[in-house]
Every structure is written in structure tokens, then in C-alpha cells.
Amino acid sequence: MSDKKESDSLKTQGVGPIKASYIFLNGDRYEGECSMSASGVMMRSGSGKHTSAGGIIYTGEWHEDKMHGRGTLQHPSGALYEGEFKDNMYHGTGTYTFPDGSTYKGWRETGRSLTHRDWFGQGSSTAKQRWA
């Protein structure tokens, strides 16, 4: 993978984002936008949907073959994260909904929860707790 920005690689190769459907060897599937890197490798970039063979579904923005930007990550258990991603990790604001319906809202940096966050138990806003 190149260290150049995605926009630089598009200029170098002269290939803009294209729509693609791809099935990986492990059974994962991707449908969405792709672009060519400076090294000539096709990478997920733009918006798209990736479904893992195990049933995890990410729908959202991609950059240099990584979840990056706004998106939704659904787990087969019913757990759901809606928010921002950076380099395949939760990053920025987002809401994690547990299978029982309780939610966790807040700011995350590279996957870790750092600042003010709200916990709503069992889907009810009346069970709100705050941590600082």
C-alpha cells in the first residue's frame, strides 16, 4: 500500500472511483466504490458495504481499503455501532447499541472511549447515567 493520498493516486493512475462487487477468498463480500492506488492495487474507497462471512456488516465510508468516515457496523448478535471510524477503528462520535437495546453514546479515539459519554439502559432514556 502506498503512503500517497487517495487523491494523488487517482491523479497518477487517471482512474476515478468505480462501482465494484467483489467476493474475497474467505467468503467476505464488498459492494461499492473502489479506486486504484499509486501502486496499481484496487482498494475500497468512497462508500460501500462489506459483509463478512461471519455475518458482520459494515455500511459506510472507506479510505485506502479501511473503514474511515461515517458508517454503521452491525453484528450478528444484534449489537450495532453507528458513528465515525478512522483506520478501521471507532473514532469520533458514535452510538453503540447492545443486543438488549441499551445504548452507549460518546467520543472515541482509536477505539477507546475517552470523554463524556451517556449510558441508556435497556433502550430507555430514563435509565441514563453519566461518567466524566
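Student: How many aromatic pairs does the structure hold, and how do I read one?

Tutor: A pair of aromatic rings is described by how far apart the centres are and by the angle of the planes. This is a predicted model, and the structure holds 9 aromatic pairs. Take Y22 and F24: their centres are 4.7 Å apart with 80° between the planes, so the pair is edge-to-face, the class for planes over 60 degrees apart.

Student: Are Y22 and F24 buried or exposed?

Tutor: Partly exposed: Y22 has a relative accessible area of 47%, and F24 has one of 27%. Now look at Y81 and F85, an edge-to-face pair with 5.2 Å centre to centre and 90° between the planes. Both Y81 and F85 are buried.

Student: Which aromatic cluster do Y81 and F85 belong to?

Tutor: They sit in one cluster with Y30, Y58, W62, Y90, Y96 and F98.

Student: And the nonpolar core, how should I think about that?

Tutor: Start with the general idea: in soluble globular proteins, nonpolar side chains tend to be buried together. Here the largest nonpolar core has 12 residues, among them Y30, Y58, W62, Y81, F85, Y90 and Y96. Other members include C34, M67, L73, A79 and Y104.

Student: Which strands each supply at least two residues of this core?

Tutor: Those are β2 (29–36), β4, β5, β6 (80–86) and β7. For the wider picture, the protein chain has 1 helix and 10 strands, and the helix comes before the strands as you go from the N terminus. Of its 132 residues, 33% count as buried.

Student: What touches H91, setting aside residues up to four places away in sequence?

Tutor: Y81 and F85 turn up again here, along with E84, K86, R108, E109 and T110. H91 itself is in strand β7 (residues 89–97). It counts as buried because its relative accessibility is 18%, and the cut-off is under 20%.

Student: Let's move on to charges. How many salt bridges are there?

Tutor: The idea is that side chains of opposite charge can pair when their charged atoms come close. The count here comes to 1 salt bridge. R44 pairs with D65, and the closest N and O atoms are 2.8 Å apart. The pair links distant parts of the chain, 21 residues apart: R44 is in strand β3 (residues 42–51), while D65 is in the loop between β4 (57–63) and β5 (66–74).

Student: Are the two partners buried or exposed?

Tutor: R44 is buried, with a relative accessible area of 12%, whereas D65 counts as partly exposed at 26%.

Student: Where does R44 lie relative to Y30?

Tutor: Over the face of the ring, at 5.8 Å from the ring centre. So R44 is worth a second look: its salt-bridge partner is D65, and Y30, the ring beneath it, is part of the aromatic cluster.

Student: What is the phi of D65?

Tutor: About 70°, a positive value although D65 is not a glycine. D87 is another case, with phi near 50° in a residue other than glycine. D87 is found in the loop between β6 and β7, and counts as partly exposed at 41% relative accessibility.

Student: One last thing: how much surface does the protein chain expose?

Tutor: About 7,900 Å², and carbon and sulfur atoms supply 52% of it. As for contacts with a separation of 6 or more, residues 24 or more positions apart account for 10% of them in the protein chain.

Notes. Residues are numbered from 1 along each chain as its sequence is written. Side-chain values use heavy atoms; hydrogens and water are left out. Rings of Phe, Tyr and Trp (its six-membered ring) pair if their centres lie within 6.5 Å; planes under 30 degrees apart count as stacked, over 60 as edge-to-face and the rest as tilted. Buried means under 20% relative accessible area, exposed over 50%, partly exposed in between (1.4 Å probe, protein chains only). A charge sits over a ring if NZ of Lys or CZ of Arg is within 6 Å of the ring centre and within 35 degrees of the ring normal. Helices (H or I, at least four residues) and strands (E, at least two) are DSSP runs, numbered from the N terminus. Contact means heavy atoms within 4.5 Å. A salt bridge is a side-chain nitrogen of Lys or Arg within 4 Å of a carboxyl oxygen of Asp or Glu. A nonpolar core is a set of buried Ala, Val, Leu, Ile, Met, Phe, Trp, Tyr and Cys residues joined through side-chain atoms within 4.5 Å. Accessible areas come from the Shrake-Rupley method with a 1.4 Å probe; for residues, only the protein chains shown count as cover.
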